[in-house]
Amino acid sequence: MLVVGLGPVGSVLTTLLAERGVRVIALDKETAPYPLPRAVHFDHEIMRIFQQLGLAEQMRRCARDLPDYQFRAADGRVLMNLRPPRETPSGWAGGYMFHQPSLEAVLRERLEALPSADIRLGQRLDALDQDADGVTASVTPGVAAIRARYLVGCDGASSPVREAIGGGLFDYQFDEPWLVVDVKVPPGCRTPEVNIQLCDPARPTTCVLSGPGRHRWEFMLLPGETAEAMLDDAVVLDLIRPWDCGPVEIERKAVYRFHGLVANRWRDHRLMIAGDAAHQTPPFAGQGMCAGIRDAANLAWKLDGVLRGAASDALLDSYQAEREPHVRAAIELAIGMGRVVCTLDRNAAAQRDAGMLAAQAGGAPALPPMQPSPFTAGCLLAGSPGAGELFPQPTAGDGSDRLRMDDRLGEGACLIARAAIGEAAPGVRLLNLDAEELAPFRATVLAWLDRRQADAVLVRPDRYVFGSGAPRALLDAWAESLGR
């Protein structure tokens, strides 16, 4: 197995595979993780994946809980306030604001401790060729070509692996230049304690928390402004000064074009792509890195099954079928938010403000947090209640003594039934509601089954629901879906 690119997505994919015993070669053209902030938000489902890797508590140390997310008019009035959900299906907080270099350091340390992971830094993919049995990759510097059964490109927005797959990109026609500024915040600094989209037609601006001791501003470039001029320190500090937060230290500044793109093909036989190689989103919904790590979690268990001979190669076709609708929903939500924010016409902005304030006064619900819809196609028992949903992870206790159900279920597929199940099933753990492992969580699981009038549920290794119904029928359908 070969993974190209060791940003967060490639690192999570490699770790998930290596922890299952898959021999993985992972390349990255750089010799160390990028040392400055990039992504700043991940959600509850991503923390659940970090939990699966045994890294949740380490990730919490480089993150802060997600605060309210406010859209404000130029005069400071709150047009919309999005509160983090108090409860999530993952059993973690609604979201986290984090420091990416610290997060990547945790992932890299975990990777380097895994004997099944062969990490090769400072190596660039130059060429690849696939045949019926695998992929041959040429790298620089390198003496011998690398041979692998499958290759996944987690190699970023300009992905050579995507180019090899072909098919082009779907473009949402949203393309706006923004100056992104990350700062270190000394003690006593008065940075906002909520995340803010300032919908000011004079200068649309984002102001959000980052990891502990850090903050981020994003300023939309206006017509006629150049990236070179906007990157001057004096210009940056002038833009921050009206926030009256006290002295800050500029850590990073860059001009990006915020756009929405989706690759038309995510797989060609033994080649696949994930993360920014497969899709790119404006940052307004905070789902860029999240979407990529969801790709990794979706793909890892399928590749593991295929490589072990427990599933047919056709299972990999479900990857894009399941992930693309989620990705498109996230991109479209972000673009919708961006169109609200990026209004430069003062009359249009005034009408927008009036409409949003009226909706708020009338009790209209604010835009809900991103909650992916259930899968409707892919590896699932279509039509069964709950199929394609993220299965809940109940918790019990508090603080360091808190128990989380995923830790009791283990890493593979699991069938949970109301009554004892007498027969074994290859690759599926069988539990009934009286099992000791489920005792602290029984009420939540029983309530889930009751709402769907089901005798059992089969939960996939990525914690999405394969289907619900009669236990034997679920096991048969699961085996058929895997191609066994």
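## Exercises: helices and sheets

Helix 1 and helix 8 are roughly parallel to each other (under 35 degrees; over 145 is roughly antiparallel, 65 to 115 roughly perpendicular, the rest oblique). Helices here are DSSP runs (H or I) of at least four residues and strands are E runs of at least two, numbered from the N terminus.

The model is predicted: local features need pLDDT of at least 70, side-chain atom pairs count only at pLDDT 80 or more, and totals for chains, interfaces and linings use all residues. Residues are numbered from 1 along each chain as its sequence is written, and side-chain values use heavy atoms, without hydrogens and water.

**Exercise 1. Describe the overall size and content of the protein chain.**

Step 1. Count the elements: the protein chain has 13 helices and 26 strands.
Step 2. Take the extent: along its principal axes the C-alpha trace spans about 70 × 60 × 40 Å.
Step 3. Check the radius of gyration. A compact globule of 484 residues would have one near 23 Å, and the protein chain agrees, with 23 Å. The rule is 2.2 Å times the number of residues to the power 0.38, over C-alpha atoms.

**Exercise 2. Work out how helix 1 packs on helix 8.**

Step 1. Find the geometry: the axes of helix 1 (residues 8-19) and helix 8 (residues 288-307) come within 9 Å and cross at roughly 25°. Axes are fitted to C-alpha atoms, for helices over the stretch in contact, and angles between N-to-C directions run from 0 to 180 degrees.
Step 2. Assign the hand: this crossing of helix 1 and helix 8 is right-handed (near helix turned clockwise from the far one by less than a right angle; anticlockwise is left-handed).
Step 3. List the contact (heavy atoms within 4.5 Å). Helix 1 brings Pro8, Val9, Val12, Leu13, Leu16 and Leu17. Helix 8 brings Met289, Gly292, Ile293, Ala296, Ala297, Ala300, Leu303 and Asp304.
Step 4. Sort them: 12 are nonpolar, 1 is polar and 1 is charged. Ala, Val, Leu, Ile, Met, Phe, Trp, Tyr, Cys and Pro count as nonpolar, Asp, Glu, Lys and Arg as charged, the others, Gly among them, as polar.

**Exercise 3. Do the same for helix 2 and helix 8.**

Step 1. Helix 2 (residues 44-52) packs on helix 8 at about 45°, with the axes 10 Å apart. The pair is therefore oblique.
Step 2. The crossing of helix 2 and helix 8 is left-handed.
Step 3. Glu45, Ile46, Ile49 and Phe50 of helix 2 meet Cys290, Ile293, Arg294 and Ala297 of helix 8.
Step 4. That contact has 6 nonpolar, no polar and 2 charged residues.

**Exercise 4. Map the open sheet of 4 strands and the helices on it.**

Step 1. The strand order is 24-23-25-26, with mixed pairing (strands pair at two bridges or more, by DSSP).
Step 2. Strand 24 (428-432) and strand 26 (465-469) are the edges, each pairing on one side only.
Step 3. Neighbouring strands of this sheet are turned by 15° on average, direction ignored.
Step 4. Strand 23 (residues 413-417) runs parallel to strand 24, joined by 5 bridges. Ala413 stands opposite Val428 in strand 24.
Step 5. Helix 12 (residues 442-451) lies across strand 23, strand 25 (456-459) and strand 26, at about 110° to strand 25.
Step 6. Helix 13 (residues 471-482) packs on the sheet too, touching strand 23, strand 24, strand 25 and strand 26. Its direction makes about 150° with that of strand 26.
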